[in-house]
Structure formats: structure tokens, C-alpha cells
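Dear colleague,

Please find below the sequence and the structure for your records. My notes on the findings follow directly after them.

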Amino acid sequence: MYKVKICGICEAQHLHAAVESGASYVGFVFFEKSRRNISIATAQLLANQVPKGIVRVALLVNPRDQFIRDVLKNVPIDMLQLHGQETTERVKYIKKMTNLPVMKAIGVATKKDLVLVNKYERVADQILLDAKPAAEAKVPGGLGKSFDWDILSDFFCKKPWLLAGGLTSENIKMAIKKTRASQFDVSSGVEDQFGTKSKKKIFEFINTLKEI
């Protein structure tokens, strides 16, 4: 059973497409530098439309305590996704402060980057492996680029983990073959243009997995 997280949802029509197609998670991006950034007010409206059983994820990048509180005070969120340079201690602190499960994103470019998984799997509830951005990048992910999946040929994680980075309905079968992943995070791969989701591509991506 494969699970999919549709991330960067900003509009009701795309939220409904994710729900109707069978997504297990829906993600809302709270990061001003992202084209998928969403206001707390809009996220509140959308999150309240998510049926039970689907995990509502708030993507945060090096968030301050007060911002986390502001989001959670107004938006019904089930899980936090930390996509910045948060330390293991920071992850532990945020988990304790919010009493919510945390998904920690780790950028991967070479096999050496996987060493971080051993550190973060001790404190996070889930791990997300994404393509490592360039040093000068303004955003830490969601760039539509994949990393060398052969790096994960013998990868093992004690916690549930998601594969992210450049996934599409065209390459998802190859991604599974090379990584044996069972959970996937997709954003740009289900967009018509950068930052704008496509209902058609959301259905295509998830239906491709249902056929496997």
C-alpha cells in the first residue's frame, strides 16, 4: 500500500482532488519565500475541509516558537514538517512544545548525507528525503529536482520515511524499483506551472501507484 503526500496545496479544488484521488497526507507550506506559501487564514479554511483519516501537515522552515503557536492556534494540523536546518535538539523541543508528530526533511546529494538520518530518526517520527538544494538556493525544497536514487539501494530507516524530489507519474515506477520507497511526497510533479497544482496530474500520479 503506497501512501502519497500532496504538498503545497493552496486552493480548495486541488485539496479536493488530493482527497478524492486517495492521498494520505496534504501539505500546507508556511514559508514566505516559497511560491506555495499560504496564509494562516487560507490554510484554516482548507484544513477544516480535510476529512478524518487524512493527515494535515504544516511545512515550516526554521520556525520561531511564536509562529508555530500562531499556526497551530488557527489551523487544525496533525503533523509538522521541519524543512530547514533544525537541529535534533530543536526537533525534540518542537515535538514537546506542540505535542505533535514531526517529519524531518533531509537534503540528499551524496551517500554521505544519509548519515544525518541516523541522527534524526532518533527524535523525529518520520523522515523525508529530498533533493539537496544548491548552497545559494532561497528555498530548501520543492524545486522539482530529484537526486540519484541509486544512493538509496541499501538504505534503511528505523522510522517511516518518504521519498521526495522531482517525482512524477512518469518516473514513480522507476523510483520504487530503485529505492523500495512506499511513501512519496510530491509537489512540482503535480503542477501545470511552478506553484500551481493540476487536478489532472494529482489523479494521474496517485492512479499510477494504484496500478502497481
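I begin with strand 4, where Met-79 is the bridge partner of Val-57. Helices (H or I, at least four residues) and strands (E, at least two) are DSSP runs, numbered from the N terminus. This is a predicted model, in which local features need pLDDT of at least 70 and side-chain atom pairs count only at pLDDT 80 or more, while totals for chains, interfaces and linings use all residues. Residues are numbered from 1 along each chain as its sequence is written, and side-chain values use heavy atoms, with hydrogens and water left out.

Strands and barrel

Strand 3 (residues 55-60) pairs with strand 4 in the parallel sense over 4 bridges; two strands pair if DSSP finds at least two bridges between them. Between these two strands the chain passes through helix 3 (residues 65-74), in a β-α-β crossover that is right-handed. Right-handed here signifies that, with the strands pointing away from the viewer, the path from the first strand over the helix to the second runs clockwise.

Strand 4 also runs parallel to strand 5 (residues 102-108), to which 3 bridges join it. Leu-80 has Val-102 as its bridge partner in strand 5. The chain reaches strand 5 from strand 4 by way of helix 4 (residues 88-98), and this β-α-β crossover is right-handed.

Within strand 4 (residues 79-82), Met-79 and Gln-81 point one way, Leu-80 and Leu-82 point the other way, and all are buried. Buried means under 20% relative accessible area, exposed over 50%, and partly exposed in between (1.4 Å probe, protein chains only).

The wider arrangement is a barrel, into which 8 strands close in the order 1-2-3-4-5-6-7-8 with parallel pairing. On average, neighbouring strands of this sheet are turned by 25° against each other, direction ignored. Further along the barrel, strand 6 (residues 126-131) and strand 7 (residues 161-164) run parallel and are joined by 3 bridges. Ile-127 stands opposite Trp-161 in strand 7.

Helix packing

The axes of helix 1 (residues 12-21) and helix 7 come within 9 Å and cross at roughly 15°. Axes are lines fitted to C-alpha atoms, for helices over the stretch in contact, and angles run from 0 to 180 degrees between N-to-C directions. Helix 1 is therefore roughly parallel to helix 7. Angles under 35 degrees count as roughly parallel, over 145 as roughly antiparallel, 65 to 115 as roughly perpendicular and the rest as oblique.

Helix 6 (residues 172-179) and helix 7 have axes that come within 10 Å and cross at roughly 50°, and the two helices are therefore oblique to each other. Ile-172, Lys-173 and Ile-176 in helix 6 meet Phe-205, Thr-208 and Leu-209 in helix 7; contact means heavy atoms within 4.5 Å.

Individual residues

Ser-198 lies in the loop between strand 10 (196-197) and helix 7 (199-210) and counts as buried at 5% relative accessibility. Apart from neighbours within four places in sequence, Ser-198 is in contact with His-14, Val-190, Glu-191 and Asp-192. Ser-198 and Gln-13 are 185 residues apart in sequence and 9.2 Å apart in space, C-alpha to C-alpha.

Most residues other than glycine have a negative phi. Asn-62, in the loop between strand 3 and helix 3, has a positive phi of about 45° and counts as partly exposed at 38% relative accessibility. Asn-99, in the loop between helix 4 and strand 5, has a positive phi of about 60° and is exposed, with a relative accessible area of 68%.

Yours sincerely
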